[in-house]
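Here are my notes for you, since you are new to this one. Have it open on your screen and follow along point by point.

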Amino acid sequence: MGMSVTISAATAQDAEQIFRLQYLCFQSEAELYGNYRIDPLVQTLASVRDEIAADLVFVARLGEEVVGSVRGSTDENGTGRIGRLCVHPRLQGHGLGSRLLRAAENGLADERAATRFELHTGERSEGNLRLYRKAGYARVGDTTGEDGVRLIRLEKEAVAPEFVASA
């Protein structure tokens with residue numbers, strides 16, 4: 001009998017597992033760009049801890065192991081910024097990325113009043129682009145990150161919850 005993966009808010013105790021998972025997951029991105037100084041690989045553990053304290057951070061757990069994570073914050077204009085979405089390589093392709101993305105969107109809309117969502121990914125990251133397009137994101141521009149990687153910016157409007165009138 002297998003265990004199911006659960007999605008929940010991250011706690012301070014998850015910081016080290018998130019840090020290690022991020023480092024593992026973003027190796028393939030670094031290889032794709034020939035750049036091992038991309039932001040997720042040079043982020044410090046202290047910075048991950050700070051994000052858990054300040055932002056909405058969700059994790060996917062398989063038992064006690066953190067096998068996926070995503071972070072979100074909201075700016076002063078109500079834009080939910082989603083980033084650092086990652087899933088352990090052995091569990092990719094099973095819908096965990098989509099589940100984590102939805103958790104971030106729902107959390108940002110419900111807890112931080114986000115009215116739209118924005119994220120970015122590297123221009124060569126076809127798998128990521130496919131995931132985001134399938135989730136309803138559209139390309140709105142591009143930029144170059146501080147690490148020199150060409151990024152595609154995507155966004156979508158937050159969907160207002162539907163209320164059913166009762167008689």
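**Notes on the model**

1. Let's begin with a spot on the outside: A113 is exposed, with a relative accessible area of 53%. You'll find A113 in the loop between α5 (96–112) and β5 (116–122). Its phi is positive, at about 60 degrees, even though A113 is not a glycine. That's worth a glance, as most residues other than glycine have a negative phi. Keep in mind throughout that this is a predicted model.

2. Where else does a residue other than glycine have a positive phi? Look at R84, where phi is near 55 degrees. R84 sits in a strand, β4 (residues 79–87). With a relative accessibility of 25%, R84 counts as partly exposed, because the partly exposed class runs between 20% and 50%.

3. Now zoom out to the sheet. It is open, has 7 strands, and runs in the order β1-β2-β3-β4-β5-β7-β6 with mixed pairing. At the edges stand β1 (5–9) and β6 (138–144); each has a single partner strand, so one side of each has no neighbour in the sheet. From one strand to the next, the twist averages 25 degrees. As a reminder, strands of a sheet pair through backbone hydrogen bonds, either parallel or antiparallel.

4. Start at the β1 edge. β1 pairs with β2 in the antiparallel sense, over 5 bridges. To find the register, look for V5, whose bridge partner in β2 is L62.

5. Next comes β2 (residues 56–62), which is mostly covered: 7 of its 7 residues are buried. Which residues point which way from β2? L56, F58, A60 and L62 go one way, V57, V59 and R61 go the other, and all are buried. That fits the general pattern, in which the side chains of a regular strand alternate between the two faces of the sheet. Do note that R61 is in the buried set along with its neighbours in the list.

6. β2 and β3 are antiparallel too, paired over 7 bridges. Two pairs you can pick out are L56, with G72 as its bridge partner in β3, and V57, whose partner in β3 is R71. The hairpin of these two strands has 2 residues between them, and G63 there takes a positive phi near 65 degrees.

7. Is β3 (residues 65–74) enclosed or open? Of its 10 residues, 7 are buried, so β3 is largely enclosed by the rest of the structure. On to its pairing with β4, which is antiparallel over 6 bridges. R71 turns up again here, as its bridge partner in β4 is G83. This makes R71 a handy landmark, with V57 as a partner in β2 and G83 as a partner in β4. β3 and β4 also form a hairpin, this one with 4 residues between the strands, and G78 in the turn has a positive phi of about 85 degrees.

8. Hop over to the β6 edge. β6 pairs with β7 (residues 150–157) in the antiparallel sense, over 6 bridges. Use T143 to get your bearings: its bridge partner in β7 is L151.

9. How many aromatic pairs does a search of the whole structure find? The answer is 1. Y132 and Y137 make that pair, with 6.1 Å centre to centre and 65 degrees between the planes, an edge-to-face arrangement. It earns the edge-to-face label because its angle is over 60 degrees. Both partners are buried: Y132 has a relative accessible area of 7%, and Y137 has one of 3%.

10. Finally, have a look at the largest pocket, which holds about 1,200 Å³ of space. Its lining takes in 49 residues, and those nearest its centre are F26, L85, T121, N128 and Y132. So Y132 comes up for a second time, after its part in the aromatic pair with Y137. As for chemistry, the lining of the largest pocket divides into 18 nonpolar, 17 polar and 14 charged residues.

Methods
Residues are numbered from 1 along each chain as its sequence is written. This is a predicted model: local features need pLDDT of at least 70, side-chain atom pairs count only at pLDDT 80 or more; totals for chains, interfaces and linings use all residues. Side-chain values use heavy atoms; hydrogens and water are left out. Rings of Phe, Tyr and Trp (its six-membered ring) pair if their centres lie within 6.5 Å; planes under 30 degrees apart count as stacked, over 60 as edge-to-face and the rest as tilted. Buried means under 20% relative accessible area, exposed over 50%, partly exposed in between (1.4 Å probe, protein chains only). On a 1 Å grid over the protein atoms alone, a cavity is a set of points where a 1.4 Å probe fits but cannot get out, and a pocket is an open set with protein on both sides within 12 Å along at least five of seven lines; lining residues have an atom within 4 Å of a point. Grid points are joined across faces, edges and corners, and a volume is the space filled by probe spheres set on the points. Ala, Val, Leu, Ile, Met, Phe, Trp, Tyr, Cys and Pro count as nonpolar, Asp, Glu, Lys and Arg as charged, and the others, Gly among them, as polar. Two strands pair if DSSP finds at least two bridges between them. Axes are lines fitted to C-alpha atoms, for helices over the stretch in contact, and angles run from 0 to 180 degrees between N-to-C directions.
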